[in-house]
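Hi everyone, thanks for coming. I'd like to walk you through one model today, going from a few side chains out to the whole chain and back. Please have the viewer ready.

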Amino acid sequence: MPPMASVLVVEDDQFVRSALIRHLTEATHTVRSVGTALEALREVAHFRFDVVVLDLGLPDLDGSEALKMLRGITDVPVIIATARDDEAEIVRLLNDGADDYLVKPFSVEHLSARMAAVLRRARAVAGAEPPSRVIRVGGLSIDPLRRQAELDGARLDLTRREFDLLAFLAGRPGVVVARKELLAEVWQQSYGDDQTIDVHLSWLRRKLGETAASPRYLHTLRGVGVKLEPPR
């Protein structure tokens, strides 16, 4: 994991919180911790963090509401820690701006791996020079500099990860991109769960007005990868 990341741990269980603080501190990170959503919002407003580990079961606000409020004031990467292994909720959290999630109980090694991937991606995006040209594929228009996308002249309301995925595929029209390459280039992970890609593709398809069964732009080739091409 990259050294000396600034981490905010939002966890109301004192035992879990202490264990996370100890592990992250031993890994040379600087750690601040709070037990409520409102305290977390105050911390993020006053201090700069590289990543936030956010528990969903907070006493004052539901963690999903806390996530939406966090996203209103910062783009800091957020890893959700949840005891609810519910696919629909995980999809909603990712769509609301979470960068990754862990289902409790999880090991500190698992958290470390997820944090490392999120931090690599955030630092790669911060240091990368986005292409200056507007990408056009059929009725899609994608402006990497302004991070705006339109379909047939109508603005698309995309999350940060959805935009990155769309821009990456649109920059390679008609080319089948392997899932391993998507994980490496869009998620900055050398390995991961295909469900993460499927979730984002599903939400992206919905916003493009299509489905996996009736694709227009996004085509999945089972066992091979994904490609984006103009409708025929």
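Let's begin with a side-chain detail: R172 lies over the face of F168, at 3.6 Å from the ring centre. For a charge to sit over a ring here, NZ of Lys or CZ of Arg must be within 6 Å of the ring centre and within 35 degrees of the ring normal. R206 also has its charged end over a ring, that of W203, with 4.6 Å to the centre.

Before going on, a word on where this comes from. This is a predicted model, in which local features need pLDDT of at least 70 and side-chain atom pairs count only at pLDDT 80 or more, while totals for chains, interfaces and linings use all residues. Residues are numbered from 1 along each chain as its sequence is written, and side-chain values use heavy atoms, with hydrogens and water left out.

Now the whole chain. How many helices and strands does the protein have? There are eight helices and 11 strands; these are DSSP runs numbered from the N terminus, with helices being H or I of at least four residues and strands E of at least two. The radius of gyration is 18 Å, close to the 17 Å from the globule rule for 232 residues, so the protein is as compact as a globular protein of that length. That radius is taken over C-alpha atoms, and the globule rule is 2.2 Å times the number of residues to the power 0.38. Along the principal axes, the C-alpha atoms fill a box of roughly 55 × 35 × 30 Å.

Of the 232 residues, 47% are buried. By that I mean under 20% relative accessible area, with exposed being over 50% and partly exposed in between, using a 1.4 Å probe and protein chains only. As for contacts, meaning heavy atoms within 4.5 Å, take those with a separation of 6 or more: residues 24 or more positions apart account for 56% of them. The protein exposes about 11,500 Å², and carbon and sulfur atoms supply 51% of that area. The areas come from the Shrake-Rupley method with a 1.4 Å probe, and for residues only the protein chains shown count as cover.

Next, the part with annotations. UniProt, in an unreviewed entry, places the feature "domain: Response regulatory" at residues 6-119. UniProt positions are given in the numbering used here, feature names are shortened, and annotations may be inferred rather than shown by experiment. Over residues 6-119 the chain is 46% helix and 21% strand, with the end C-alpha atoms 10 Å apart.

For "modified residue: 4-aspartylphosphate", the unreviewed UniProt entry lists D55. Is D55 buried or exposed? With a relative accessible area of 4%, D55 is buried, and its place is in strand β3, residues 51-55. Leaving aside residues up to four places away in sequence, D55 touches V10, E11, D12, G63, A81 and K104.

K104 gives us a neat link, as a cis peptide bond joins K104 and P105, with omega at about -5°. P105 lies in the loop between β5 (100-103) and α5 (108-127).

T36 is worth a stop too. Its C-alpha atom is 9.3 Å from that of D55, although the two are 19 residues apart along the chain. T36 is found in the loop between β2 (30-34) and α2 (37-46) and is partly exposed at 21% relative accessible area. With residues up to four places away in sequence not counted, T36 touches V10, L58, P59 and D60.

For the backbone fans: most residues other than glycine have a negative phi, and most peptide bonds are trans. R147 has a positive phi of about 55°; it sits in the loop between β7 (140-143) and β8 (148-151) and is partly exposed at 38%. D152 also has a positive phi of about 55°, in the loop between β8 and β9 (154-155), and D152 is exposed at 58%.

Finally, back to where we started. In helix α6, residues 160-170, 10 of the 11 residues are buried, so the helix is largely enclosed by the rest of the structure. Among the buried ones is F168, whose ring face R172 lies over.

Thanks, I'm happy to take questions.
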